[in-house]
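Work through these exercises with the model open beside you. Try each task before you read its solution.

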Amino acid sequence: MKLTLWTYEGPPHVGAMRVATGMKGLHYVLHAPQGDTYADLLFTMIERRNHRPPVTYTTFQASDLGADTATLFKSAAKAAYDRFQPQAMIVGASCTAELIQDDPGGLATALDLPCPVIPLDLPSYSRKETFGADETFHAIVRALAKPMARTADITCNLLGATALGFRHRDDVAEVTRLLALMGVRVNVAAPLGASPADIARMGQAHFNVLLYPETGEGAARYLERACGQPFTKVVPIGVGATRDFLHEVAGITGLSPSVDESGLRLPWWSASVDSTYLTGKRVFLFGDATHVMAAARIAATEIGFEVVGMGCYNREFARPMRAAAKAYGLEALITDDYLEVEDAIAAAAPELILGTQQERHIGKRLGIPCAVISSPVHVQDFPARYSPQMGFEGANVIFDTWIHPLVMGLEEHLLTMFREDFEFHDAAGASHHGGKAEARVMPAEAPVAEAAEGALPPGFAPPRDISGQKMPEAAAPAPQTAGTVMAPVWLAEAEAELRKIPFFVRGKAKRNTETYAAGRGLAAISIETLYEAKAHYAR
């Protein structure tokens, strides 16, 4: 463990809470100190749930450590059952409580409660949140699901959706609709929305659909062994993957994979004239392995981006992630250190980042647009509207989500480019009141660099420069001595011209120009140098 300002995953008991919170009729008794109750806020504030997680904390204090904390846990478990009357309970310890080794599972079993009690063995100091969710769901399925006769019609279970998951609610709805078009009915979707009674009848289904391997693969493999249910391997994120998924289901069921695609717009929109400026844009991807690998395929084959970097924070999926990155000629970044991710993004110099909430912050610092594709996310990525990532409607949502930062960035660039215009400068008022716009009179004593930025009224700040690293102020080239290599200095006119280049390629243009000037021994970069470099690299 290490002290950090940001973490991509919480401890395993947070993963267990995601499963418990997503289910109905299940209660989680967590042996934990007072400080660990913070996790409630993840669901009530970030996910905006209208009820607290079904979790009872023992909330022992420092003064309790010298007494009998085991009795404290047993009292809390008995009180939780009496109050909530759950169909089943799961019990475990937080990372802090694990150190006192009270054995919550054994203590709860000794209480002989009138409902199934499922102990969780989650190694807090070697595993993290997604493992905790996967292991918790696996333990619940192992305890409650049994082999039974299949349903008369073709049915399946949807596995892996949890509380606090990225668009899990809408993905379940979209995949349910997609399967219905094929003639497949969903028997149980779990853990999100399921009760322990629902888990007990999962054996009725003909097969399982694994939506999220990070949180459902353990249960899928158990059901394959115990109930003879095959499970799907393709995650239907993107047009190509959704079609592959339909063919995979057809192979299991014998049904036709043909469904109505009239609502699918991504292929045409990404090939249309309005989208041609997107072709070849450099993109860096980071998040959980499932979403990153799916997003890389969409970016490279369905929108026309160039994937210049990709990786994941969940080390359990390092092997498939490395294999996926190799297909794009890349070495996968496997890390849970956000500073390493930021360094990798800065080195790759992409024009778009697809990542988590942390990559959104990194993008702001580096001046690179970002779209969120994976947990962990913040409140704005739990929208009230229907916004899936899976299926054909999910492909439409993905197109809009990814293109939006680039389109808005283009608008920002145009406003910046025309800020010297008599009608659009910052002091001019609304553009549709053109008759009231007044041309600015630049002070005679204003230096060239200030003229390039535009004089602003008192109290106004210049438009934000999002091109990344700030360029040095133009100055006369310093004398170069033998044995030293000085970086070329940008003259004011060239610097002003550089700012007219769209922000999403400005960094590349700046680097190319500096490389061109340095290669020719130029101490200063003028407008002529800028255009000579442009012509050189365009050949």
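**Exercise 1. Partners of one residue**

Which residue is the bridge partner of Cys-156 in strand 6? Keep in mind that this is a predicted model.

Solution.
- Step 1. Find the two strands. Strand 5 covers residues 155–161, and strand 6 covers residues 185–191.
- Step 2. Look at how they run. Strand 5 and strand 6 pair in the parallel sense, over 6 bridges.
- Step 3. Read off the partner. Cys-156 has Val-186 as its bridge partner in strand 6.
- Step 4. Now turn to strand 7, residues 207–210. Strand 7 runs parallel to strand 5, and 4 bridges join them. Here the bridge partner of Cys-156 is Phe-207.
- Step 5. Recall what holds such pairs. Strands of a sheet pair through backbone hydrogen bonds.

**Exercise 2. Cover and crossover**

How many residues of strand 5 are buried? Then name the unit that strand 5 makes with helix 6 and strand 6.

Solution.
- Step 1. Use the cut-off: buried means under 20% relative accessible area.
- Step 2. Count. In strand 5, 7 of its 7 residues are buried.
- Step 3. Follow the chain from strand 5 through helix 6 (residues 168–182) to strand 6. These elements make a right-handed β-α-β unit.

**Exercise 3. A sheet and its helices**

What is the strand order in the open sheet of 4 strands? Find its edges and two helices that lie across its strands.

Solution.
- Step 1. The order is 2-1-3-4, with parallel pairing.
- Step 2. Strand 2 (55–57) and strand 4 (117–119) are the edges, since each pairs on one side only.
- Step 3. On average, neighbouring strands of this sheet are turned by 20° against each other, direction ignored.
- Step 4. Check one pair. Strand 3 (residues 88–93) is joined to strand 4 by 3 bridges. Val-91 stands opposite Pro-119 in strand 4.
- Step 5. Add the helices. Helix 3 (residues 69–84) lies across strands 1, 2 and 3, at about 165° to strand 1. Helix 5 (residues 129–144) lies across strands 1, 3 and 4, at about 135° to strand 4.

**Exercise 4. Checking a helix length**

Why does the span of helix 9 agree with its number of residues?

Solution.
- Step 1. Helix 9 has 15 residues, 239–253.
- Step 2. At 1.5 Å a residue, helix 9 should span 21 Å. The rule takes one less than the number of residues.
- Step 3. The end C-alpha atoms of helix 9 are 21 Å apart, so the two values agree.
- Step 4. Look at the buried residues of helix 9. Among them are Phe-245, Leu-246 and Val-249.
- Step 5. Step past the end. Gly-254, just after helix 9, takes a positive phi of about 85°.

Note on methods. Residues are numbered from 1 along each chain as its sequence is written. This is a predicted model: local features need pLDDT of at least 70, side-chain atom pairs count only at pLDDT 80 or more; totals for chains, interfaces and linings use all residues. Side-chain values use heavy atoms; hydrogens and water are left out. Two strands pair if DSSP finds at least two bridges between them. Axes are lines fitted to C-alpha atoms, for helices over the stretch in contact, and angles run from 0 to 180 degrees between N-to-C directions. Contact means heavy atoms within 4.5 Å. Buried means under 20% relative accessible area, exposed over 50%, partly exposed in between (1.4 Å probe, protein chains only). A crossover is right-handed if, with the strands pointing away from the viewer, the path from the first strand over the helix to the second runs clockwise.
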